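Please open the model in your viewer and keep the sequence panel beside it, since each stop on this tour begins with a selection. The stops follow one after another, and each ends before the next selection is made.

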Amino acid sequence: MTTTEKIAAASQVSEPATWEEITLPDVLDRTTERVPESTALSFMGNKIDYVNLNGMVNQMANALVDMGVEPGDKVGMILPNVPQAVIAIYATWRIGAVAV
């Protein structure tokens with residue numbers, strides 16, 4: 001019995017929950033398409049909408065690829081809780097690398 005089946009049995013749900021397997025960068029793309037002008041990040045009174053966030057993520061992802069980062073590579077980053085950290089992590093994930 002799979003974990004999902006065990007949870008369904010324990011909660012007496014007739015059908016186990018299903019969900020689409022999707023990456024977080026794909027969620028960002030979909031959200032950007034759905035609500036492009038909505039606020040994605042707010043930091044110290046400054047707001048970044050989804051269009052701009054997605055653009056910055058793509059720009060950094062391209063820069064990582066230009067530096068030779070490939071899917072599966074580990075990308076180390078030391079950043080405080082700032083928008084650049086979100087951008088760096090999503091860019092790393094977008095190219096299939098691992099953020100560490």
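A residue is called exposed here when its relative accessible area is over 50%, buried when it is under 20%, and partly exposed in between. Please keep in mind throughout that this is a predicted model.

**Helix H2, one side and the other**

Begin by selecting helix H2, residues 24–34, and colour Pro 25, Leu 28, Thr 31 and Thr 32, which are buried. Looking down the axis of H2, you will find that its buried residues fall within an arc of 120°, so they line one face of the helix. In general, an α-helix has 3.6 residues a turn, so residues three or four places apart point the same way. Now turn to the other side of H2, where Glu 33 and Arg 34 are exposed. What do the buried residues of H2 pack against? Their partners are helix H3 (50–66) and H4.

**Thr 32**

Stay in H2 and select Thr 32, which counts as buried because its relative accessibility is 12%, below the 20% cut-off. A polar atom of the Thr 32 side chain lies 2.8 Å from the backbone oxygen of Leu 28. If residues up to four places away in sequence are set aside, Thr 32 touches Tyr 50, Val 51 and Asn 54.

**Two salt bridges**

The structure holds two salt bridges, and both can be shown from H2. Select Glu 20 and Arg 30 for one of them, in which the closest N and O atoms are 2.7 Å apart. Glu 20 lies in the loop between H1 and H2 while Arg 30 lies in helix H2, so this pair ties together parts that are 10 residues apart in sequence. Arg 30 counts as partly exposed, at 43% relative accessibility.

Next select Arg 94 and Asp 29, whose side chains meet in a salt bridge with an N to O distance of 2.8 Å. This pair links distant parts of the chain, with Arg 94 in helix H4 (residues 83–94) and Asp 29 in helix H2, 65 residues apart. Both residues are partly exposed, Arg 94 at 22% relative accessibility and Asp 29 with a relative accessible area of 26%.

**A nonpolar patch**

Show the surface and select Ile 22, Leu 24, Val 27 and Trp 93, which form a nonpolar patch with about 310 Å² of accessible area together. Within this selection, Ile 22 is found in the loop between helix H1 (3–10) and H2, and Ile 22 is partly exposed, with a relative accessible area of 30%.

**Beyond H2**

Move on to Val 35, in the loop between H2 and strand E1 (39–43), which counts as partly exposed at 28% relative accessibility. For a sense of scale, draw a distance from the C-alpha atom of Val 35 to that of Asn 58: the two are separated by 18 Å, and the residues are 23 apart along the chain.

The last selection is Met 44, in the loop between E1 and strand E2 (46–49). Is Met 44 buried or exposed? At 73% relative accessibility, Met 44 counts as exposed. Please also check the backbone of Met 44, where phi is near 50°, a positive value in a residue other than glycine. Most residues other than glycine have a negative phi.

Note on methods:
Residues numbered from 1 in each chain as written. Predicted model: local features only at pLDDT ≥ 70, side-chain atom pairs only at ≥ 80, totals over all residues. Heavy atoms only, no water. Helix = DSSP H or I, 4+ residues; strand = E, 2+ residues; numbered from the N terminus. Buried < 20%, exposed > 50% of the residue type's maximum accessible area, 1.4 Å probe, protein only. Polar contact = N/O pair within 3.5 Å; in protein donor to acceptor, adjacent residues only side chain to side chain. Contact = heavy atoms within 4.5 Å. Patch = residues over 30% accessible without salt bridge, like charges linked within 9 Å, V, L, I, M, F, W, Y side chains within 5 Å. Areas by Shrake-Rupley, 256 points an atom, 1.4 Å probe, with all protein chains shown as cover. Salt bridge = Lys/Arg side-chain N within 4 Å of Asp/Glu carboxyl O. Arc of directions from axis to C-beta.
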